[in-house]
Amino acid sequence: MRETLQQLIRLQRTDDAIVAMQRRIDELDSHLDGAKAALDVAQQAVAAAHGVRQEAQATTHRYEIELAEAEAEIRKLDGQLGKASSNKEYGAIQLKIGHIKAVSGKIEERILMSMDVVEEKERIEEAAKTAQGEAEAALRAAEGKVEAQRQGLAEELVAMRTARDELAAAVIPEKLKLYERIRGGNRKSGTAVVAVHGEYCQGCQMAIRPQDVTELVKGDAIVLCRTCQRILVLEE
Ligand SMILES: [Zn+2]
């Protein structure tokens with residue numbers, strides 16, 4: 001029975017290692033969280049910069065329309081000058097033209113300033129796009145790393161399962177069944193074999209009866225914890 005107990009201990013360790021490995025594999029994707037969040041921020045920054053740049057361009061365009069309208073008005077008034085019937089009317093038209101020219105001069109200034117703003121916003125948008133490209137590259141690199149890790153761990157897992165199958169095949173079927181049944185009943189921890197430490201079960205922390213401890217020391221039979229029903233083994 002000592003041999004069986006040793007086998008079950010090894011089986012339990014292997015099963016624990018398989019569960020831990022599976023968890024490591026499942027958690028790999030969370031390694032990408034940081035890079036994904038960074039890309040998200042970079043994409044939002046590009047969208048925001050794009051909007052600001054478009055707005056600046058729209059402002060420039062509005063001024064250009066205003067300027068074109070003022071210039072059309074000046075041309076119209078220029079045409080009227082030749083048809084003026086009096087000096088007074090001529091003077092009034094000239095005054096109007098002078099006023100509109102002053103206004104269009106101001107509009108031209110605004111257009112120039114607005115074009116500077118557009119250039120600045122374009123630079124900001126370009127910088128945001130560069131940062132987004134870098135964030136995308138960082139995510140791809142992280143994904144590549146995770147994929148390589150996943151493959152490595154998956155190979156390890158296959159090897160562990162093979163070792164597990166070999167271990168299980170060597171156990172007396174009836175005892176293996178007992179082990180599997182207890183493990184199935186403790187789905188959360190997956191623990192079927194627990195150590196006894198200072199006469200306490202390490203599975204449930206309850207005291208072990210003296211006669212059970214004696215049985216364990218003799219090592220002739222499998223002893224179950226009377227509280228948690230797990231297979232007890234003496235701590236080495
Ligand atoms: Zn117990």
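This is a friendly conversation about how some labels in this predicted model are earned.

Colleague: Why is aspartate 15 called buried?

Modeller: Buried means under 20% relative accessible area. Aspartate 15 has 5% relative accessibility, so aspartate 15 counts as buried.

Colleague: What makes aspartate 15 and arginine 183 a salt bridge?

Modeller: The rule asks for a side-chain nitrogen of Lys or Arg within 4 Å of a carboxyl oxygen of Asp or Glu. Here the closest N and O atoms are 3.4 Å apart, so the pair passes under that rule. Aspartate 15 lies in helix α1 and arginine 183 in helix α4, so the bridge ties together parts that are 168 residues apart in sequence.

Colleague: Is arginine 183 buried or exposed?

Modeller: Arginine 183 has a relative accessible area of 18%. The limit for buried is under 20%, so arginine 183 is buried. There is also a network of salt bridges here, linking Asp15, Arg164, Glu180 and Arg183.

Colleague: How many salt bridges does the rule give?

Modeller: The count comes to 12 salt bridges. One of them joins the side chains of aspartate 29 and arginine 150, at 2.9 Å from N to O. Aspartate 29 sits in the loop between α1 and α2, and arginine 150 in helix α3, so this pair ties together parts that are 121 residues apart in sequence.

Colleague: Why are aspartate 29 and arginine 150 called partly exposed?

Modeller: Partly exposed covers values between the limits of 20% for buried and 50% for exposed. Aspartate 29 has 40% relative accessibility, so that label fits. Arginine 150 has 22%, so arginine 150 counts as partly exposed too.

Colleague: How do you know that aspartate 212 and arginine 226 meet in a salt bridge?

Modeller: Their N to O distance is 2.7 Å, and the rule accepts pairs within 4 Å. The pair links distant parts of the chain: aspartate 212 is in helix α5 and arginine 226 in the loop between α5 and β3, 14 residues apart. Aspartate 212 is buried at 7% relative accessibility, whereas arginine 226 is partly exposed at 47%.

Colleague: What makes alanine 148 exposed?

Modeller: Exposed means over 50%. Alanine 148, which lies in helix α3, has 51% relative accessibility, so alanine 148 counts as exposed.

Colleague: Which residues form a negative surface patch?

Modeller: The patch is made of Asp116, Glu119, Glu120, Glu122 and Glu126. Asp and Glu count as negative, so the name fits these residues. A patch residue needs over 30% relative accessible area. Glutamate 119, in helix α3, has 45% and is partly exposed, so glutamate 119 passes that cut-off.

Colleague: How many disulfides are there?

Modeller: The count comes to zero. A disulfide needs a pair of cysteine sulfur atoms within 2.5 Å, so a count of zero says that no pair meets this limit. As for individual cysteines, cysteine 225 is buried at 1% relative accessibility, and cysteine 228 is buried at 16%.

Colleague: What stands out about phi of glutamine 205?

Modeller: Phi of glutamine 205 is near 65 degrees, a positive value in a residue other than glycine. Glutamine 205 lies in the loop between β2 and α5. With a relative accessible area of 48%, glutamine 205 is partly exposed.

Colleague: And where is glutamine 229?

Modeller: Glutamine 229 is in the loop between α5 and β3. Phi of glutamine 229 is near 65 degrees, again a positive value in a residue other than glycine. At 42% relative accessibility, glutamine 229 counts as partly exposed.

How values were computed:
Residues numbered from 1 in each chain as written. Predicted model: local features only at pLDDT ≥ 70, side-chain atom pairs only at ≥ 80, totals over all residues. Heavy atoms only, no water. Patch = residues over 30% accessible without salt bridge, like charges linked within 9 Å, V, L, I, M, F, W, Y side chains within 5 Å. Areas by Shrake-Rupley, 256 points an atom, 1.4 Å probe, with all protein chains shown as cover. Charge placed at Lys NZ, Arg CZ, Asp CG, Glu CD. Helix = DSSP H or I, 4+ residues; strand = E, 2+ residues; numbered from the N terminus. Buried < 20%, exposed > 50% of the residue type's maximum accessible area, 1.4 Å probe, protein only.
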